[in-house]
Amino acid sequence: MLSLQNAFIDLPLVLAHKEKVKQSFKDYTANLSYDLNVYKSLFDDLDAEYIQEPRDIQASVQEAIINTEGRNFLRFLDEKLHELEHLVAGFSKEEHERHGFYFRKLLWSIIMCSPFMKRTNLKPRGYPGDSVMMRMLYRNEHEGETTFAKLMHKHPMEHPAARAVRNRRKLVTQKLIETQNGHSAPSEERLKVLSVACGPAFEMQDILLSPEDCDKYHFTLLDQDRQALYEAATLIDQIEKKLGTKIYVDYLDESVRTMLASTQLREKWGLFDYVYSMGLFDYLTPPVASAVLGKLYQILKPGGTMLIGNFHVSNSSRYYMEYWLDWVLYYRTEEEFTDLLGNAGSEEATVFFEDSGSQMFLQVEKR
């Protein structure tokens, strides 16, 4: 994929790519850039009119602007996204990359206004979907220094893909609690749970609501991002202090690569009653995804459950994510998702969706 970094390495190549951008797309992007800058000037002028007022007055006026002109602006963005979808629907992978790069170059100053879009594009930790982005998605608030910035930030928060992220946290919590309630092991035996690519593990706040809840589980949190593991450990510590109890949890600083290279995962990590991963598989090619599923199936106890998320090909936020956010995923159909299992547990697999219909989950019961 074209990036800002290699743009400086091979400038002639980047300029040559511009010649392959369709004229209809150039026209669309130029018109959109003009319109967005007009809107930005409008909101900046409105901000300037009340900047000298007390903070509470500023907040009230800005809220009124967001609820009036702001709503009109968000409808305008919706319309432009529909135009974009129709314009690029038939593009090849290479055409999406080329046109997306062109789009972001022309709209860079607008994109940088939004705290969320800024982070998805700059990727300070080297990947999209880091814990800071997840916090923004969960908060779902107007964030930014100006009214225009707040609106640009809020718009993607309301899109189906963002709703899916919030929905999946609730779904995983619900499924895990249901599994624990139906757990047939002795009452003193804790449910062994593995979260793969756990990130900061925000869902722990939803699962562990009482000292009694904490005593039901033994979590293993796995991630290749040490900062994410540190944030997860900090969250666990906060829950322990709040509830006055101990949470049984292990931390694994591991990657997909080390997982696949290991021939003794069962000995290293043990076996689990429940394995889940909400966002990892959106970034794995089919061969790698299939291999990882096979590894996870191996460390699942007989009678255990595996729950894996992946965005569906019908995700209506796809082009928004790719063109505006520089956030590209591997999308799959239900059949493609199930086929990743191969012979491992395919007969016990079901696929279902969270409420937005953007993300599906593969649930496997090991017999």
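This is a short tour of one predicted model, taking in its largest pocket, three helix pairs and two loop residues.

Let's start with the pocket. Rolling a probe the size of a water molecule over the atoms shows where empty space is left. Here, the largest pocket holds about 860 Å³ of space. It is lined by 50 residues. Find Pro128, Gly129, Gly279, Leu280 and Tyr283 on your screen; these are the ones closest to the pocket's centre.

Which elements give two or more residues to that lining? There are helices: α9 (131-139), α11 (160-181) and α18 (318-324). There are also strands: β1 (191-196), β2 (217-223) and β4 (272-277). And the chemistry? The lining has 31 nonpolar residues, 11 polar ones and eight charged ones.

Keep α9 in mind, and let's move to helix packing. Two packed helices are described by the angle between their axes and the distance between the axes.

The first pair to look at is α8, residues 115-122, with α9. Their axes lie 10 Å apart, at an angle of about 155 degrees. An angle over 145 degrees counts as roughly antiparallel, so that is how α8 and α9 run. Their crossing is left-handed. Who touches whom? On the α8 side, we have Pro115, Phe116, Arg119 and Thr120. On the α9 side, they meet Val132, Met133, Met136 and Leu137. By class, this contact has six nonpolar residues, one polar and one charged.

Stay on α8. Helix α10, residues 147-157, packs against α8 too, and here the axes come within 7 Å. The crossing angle is roughly 70 degrees. That falls between 65 and 115 degrees, so α8 is roughly perpendicular to α10. Pro115 and Phe116 turn up again, now joined by Met117. Across from them in α10 are Ala149, Met152, His153, Pro156 and Met157. The count for this contact is seven nonpolar residues, one polar and no charged ones. So Pro115 and Phe116 of α8 meet residues of α9 and also residues of α10.

Now go back along the chain, to α3, residues 23-49, and α6, residues 93-106. How do they cross? At roughly 25 degrees, with axes that come within 10 Å. Under 35 degrees counts as roughly parallel, and α3 and α6 are therefore roughly parallel. This crossing is right-handed. From α3, the contact uses Phe25, Lys26, Tyr28, Thr29, Leu32 and Ser33. From α6, it uses His99, Tyr102, Phe103 and Leu106. By class, we have six nonpolar residues, three polar and one charged.

Last stop: the backbone. Most residues other than glycine have a negative phi. Which residues go the other way here? One is Asn140, with a positive phi near 55 degrees. Asn140 sits in the loop between α9 and α10. Another is Ala197, also not a glycine, with a positive phi of about 55 degrees. Look for Ala197 in the loop between β1 and α12 (204-207).

One link to finish. Both α9 and β1 help line the largest pocket. Asn140 is in a loop that joins α9 to α10, and Ala197 is in a loop that joins β1 to α12.

Key:
Residues numbered from 1 in each chain as written. Predicted model: local features only at pLDDT ≥ 70, side-chain atom pairs only at ≥ 80, totals over all residues. Heavy atoms only, no water. 1 Å grid on protein atoms, 1.4 Å probe; cavity = no way out; pocket = protein on both sides within 12 Å on 5 of 7 lines; lining within 4 Å. Points joined across faces, edges and corners; volume = space filled by probe spheres on them. Helix = DSSP H or I, 4+ residues; strand = E, 2+ residues; numbered from the N terminus. Nonpolar A, V, L, I, M, F, W, Y, C, P; charged D, E, K, R; others polar. Axes fitted to C-alpha atoms, helices over the stretch in contact; angles between N-to-C directions. Left-handed = near helix turned anticlockwise from the far one by under 90°. Contact = heavy atoms within 4.5 Å.
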